[in-house]
Amino acid sequence: MLSQKARYAIRALTALAELEPAAQAQIAEIADAARVPRKFLEQILLDLKKRGLVHSTRGKLGGYTLGRPADEIELAEIIRTIDGPLALSPCASRMAYRKCDDCLDADTCPIRKVLLEVRDATADILENRSLATMIEKPASRRRKTPRKRA
C-alpha cells in the first residue's frame, strides 16, 4: 500500500512541476499548494534532495526546484525513494530480494509467481509515468476559451 508520506511526496513534486521553468518555491508555498503539513514536508524534501529529485537554495530568496525535468522523474523512483521496493513481498522484489522466512523453495512457490507478475505490472505502469504525465490535462479537461458571438 502506498504510504501517506509517498502521497505527500508525489503531491509536493507535482506542485514543483507546475511552476514556471527555473522558478522555485519555499516550503510554505509547497505545503499550501500540495496540502501537506509543513513539518512533515521538511523531512520529505530532505529525502527527495538526497536522491537528487529536488534541489534547494538557501537564503531569504531561496527555495526548492525539481532536480531534473518533470518528464525525467518517474513515479516509481519517487515511491521507491520514500517507501522502498514496489513488490508486495521481499521474495518478489527485484531491488531488495530476500527469501521469505517460511518459504520452502522460492523457485517453485506459486505465491511468488503471482507476486512477481503483480510487481512487474505495477513497475511497468509506474516506470512509464512521470511527473509531467501527471500534470498534463486531457483535452476533455482543458479550459476552453469562450467563443464570441457574432
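This short talk walks through one predicted protein model, starting with a helix and ending with a few single residues.

Before the details, a word on how to read the values: because the model is predicted, local features need pLDDT of at least 70 and side-chain atom pairs count only at pLDDT 80 or more, while totals for chains, interfaces and linings use all residues. Residues are numbered from 1 along each chain as its sequence is written, and side-chain values use heavy atoms, with hydrogens and water left out.

Let me begin with helix α1, which covers residues 4–17. When I say helix or strand, I mean a DSSP run, H or I of at least four residues for a helix and E of at least two for a strand, numbered from the N terminus. The expected span of a helix is 1.5 Å times one less than its number of residues, so the 14 residues of α1 should span 20 Å, and its end C-alpha atoms are indeed 20 Å apart.

How many of the residues of α1 are buried? Ten of its 14 residues are, and the helix is thus mostly covered, where buried means under 20% relative accessible area, exposed means over 50%, and partly exposed lies in between, with a 1.4 Å probe and protein chains only. Among the buried ones are Ala6, Ala9, Leu13 and Leu16. The cover over the buried residues of α1 includes the helices α2 (27–34), α3 (38–50), α4 and α6 (131–135), together with the strands β1 (54–57) and β2 (63–66); contact here means heavy atoms within 4.5 Å.

Two residues of α1 deserve a closer look, and one of them takes part in the one aromatic pair that the structure holds. Tyrosine 8 and phenylalanine 40 form this pair, which is edge-to-face, with 5.6 Å centre to centre and 85° between the planes. For reference, rings of Phe, Tyr and Trp (its six-membered ring) pair if their centres lie within 6.5 Å, and planes under 30 degrees apart count as stacked, over 60 as edge-to-face and the rest as tilted. Because tyrosine 8 lies in helix α1 and phenylalanine 40 in helix α3, the pair ties together parts that are 32 residues apart in sequence. Tyrosine 8 is buried, at a relative accessible area of 13%, whereas phenylalanine 40, at 33%, counts as partly exposed.

The other residue is lysine 5, also in α1, which is partly exposed with a relative accessible area of 23%. Leaving aside neighbours within four places in sequence, lysine 5 is in contact with Phe40, Gln43, Ile44, Asp47 and Ile82. Its C-alpha atom is separated by 7.3 Å from that of isoleucine 44, although the two residues are 39 places apart along the chain.

Turning now to strand β2, we find tyrosine 64 there, and this residue is buried, with a relative accessible area of 12%. Beyond residues up to four places away in sequence, tyrosine 64 touches ten others, including Leu16, Ile30, Leu45 and Val54.

Next come the empty spaces. On a 1 Å grid over the protein atoms alone, a cavity is a set of points where a 1.4 Å probe fits but cannot get out, a pocket is an open set with protein on both sides within 12 Å along at least five of seven lines, and lining residues have an atom within 4 Å of a point. Grid points are joined across faces, edges and corners, and a volume is the space filled by probe spheres set on the points.

The largest pocket has a volume of about 230 Å³. Which helix gives the most to its lining? That is α5, with three residues, and both α4 (75–83) and α5 (110–127) supply at least two. By class, the lining of this pocket has nine nonpolar, one polar and one charged residues.

As for cavities, the search of the whole structure finds one of 30 Å³ or more, with a volume of about 40 Å³. Its lining includes Arg80, Arg94 and Arg119, and divides into four nonpolar, one polar and three charged residues. In these counts Ala, Val, Leu, Ile, Met, Phe, Trp, Tyr, Cys and Pro are nonpolar, Asp, Glu, Lys and Arg are charged, and the others, Gly among them, are polar.

I will finish with two loop residues. Serine 130, in the loop between α5 and α6, counts as buried at 9% relative accessibility. Arginine 35, in the loop between α2 and α3, counts as exposed at 58%, and its phi is near 55°, a positive value in a residue other than glycine.
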